[in-house]
Amino acid sequence: MADEALVVIDLQNDFCPGGALAVAGGDEIVPLVNDLIRHAEHVVLTQDWHPAGHSSFASSHPGAQPFSAIDMPYGPQTLWPDHCIQGSLGSDFHSGLAWTKAELVIRKGFRPDIDSYSAFFENDHKTPTGLAGYLKERGIDTVTLVGLATDFCVAFSALDAVKQGFKTTVRLDACRGIDLNGSVEAMLKRMREAGVMLEDQTSD
Ligand code: VGL
Ligand code: ZN
């Protein structure tokens with residue numbers, strides 16, 4: 001299966017319990033993700049990687065609360081607690097993650113004025129990260145996505161993967177969600193309608 005890659009999204013300390021933007025149960029997926037890594041032919045990781053004072057941080061917008069939304073030139077943007085600041089402990093991969101096999105780490109969210117949920121495009125849905133080209137040039141046409149968070153970085157990555165022509169599966173049992181105002185259900189529906197295959201081997 002040399003044409004298939006496992007893409008592990010943002011399995012970083014700040015998205016795990018105790019982190020700045022903790023996703024409930026975020027650390028629970030580490031053993032399963034490690035198992036998938038062990039069996040994968042190609043492994044790519046993403047790393048949320050923000051400069052201090054990033055425009056997606058509520059703290060950069062006087063008076064704004066975390067988890068509120070604002071309009072940015074590229075569209076609506078949820079504001080987050082400061083998280084995954086470049087080089088901080090919170091930006092490190094979870095210490096239990098078996099990341100050494102990864103062939104590529106895609107860092108995203110490093111431009112001060114734009115957030116990047118997707119592994120493929122920034123939140124303007126136009127600026128590429130280079131991942132689609134990297135995979136295609138290597139003959140990879142199938143991706144499986146796992147990681148954090150189901151309803152943000154995993155979902156937007158999966159939607160873009162389909163748009164870029166990849167056969168795309170999300171292993172929901174190896175993901176956990178933030179769930180803001182029903183965002184998990186909403187994004188599952190969007191992914192399903194877009195042709196993302198949603199698999200959950202705990203409920204099979
Ligand atoms: C993420 C919010 C902000 C994610 C990253 O990895 O899902 N969510 N930055
Ligand atoms: Zn972020």
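In what follows, Ala, Val, Leu, Ile, Met, Phe, Trp, Tyr, Cys and Pro count as nonpolar, Asp, Glu, Lys and Arg as charged, and the others, Gly among them, as polar. The structure is a predicted model, and this account follows its two ligands in turn.

Ligand 1 is surrounded by D10, F15, L21, D48, W80, H83, L148, A149, F152, C153 and I178. By the classes given above, this shell consists of eight nonpolar residues, one polar residue and two charged residues. The space that ligand 1 takes is the largest cavity.

Within this shell, particular atoms of the protein and the ligand can be paired. A polar atom in the side chain of D10 lies 2.6 Å from an oxygen atom of ligand 1. The side chain of D48 has an N or O atom 3.1 Å from a nitrogen atom of the ligand. A149 takes part through its backbone, where an N or O atom is 3.0 Å from an oxygen atom of ligand 1. Of the 260 Å² of accessible area that ligand 1 has on its own, the protein covers 100%.

The second ligand is a zinc ion, coordinated by D48 (OD), H50 (NE2) and H83 (NE2) at 2.0 to 2.2 Å. Along the sequence, these donor residues follow the spacing D-x1-H-x32-H. The zinc site has four donor atoms, with angles of 89 to 168 degrees among them, and is irregular. D48 and H83 thus appear in both settings: they are among the residues around ligand 1, and they coordinate the zinc ion.

How values were computed. Residues numbered from 1 in each chain as written. Chains lettered and ligands numbered in written order. Predicted model: local features only at pLDDT ≥ 70, side-chain atom pairs only at ≥ 80, totals over all residues. Heavy atoms only, no water. Near = heavy atom within 4 Å. Polar contact = N/O pair within 3.5 Å; in protein donor to acceptor, adjacent residues only side chain to side chain. Areas by Shrake-Rupley, 256 points an atom, 1.4 Å probe, with all protein chains shown as cover. 1 Å grid on protein atoms, 1.4 Å probe; cavity = no way out; pocket = protein on both sides within 12 Å on 5 of 7 lines; lining within 4 Å. Sits in = over half its atoms within 2 Å of the grid points. Donors = N, O, S within 2.8 Å, 3.2 Å for Na, K, Ca; no water. Tetrahedral: all angles 85-135°; square planar, octahedral: opposite > 155°, others 65-115°.
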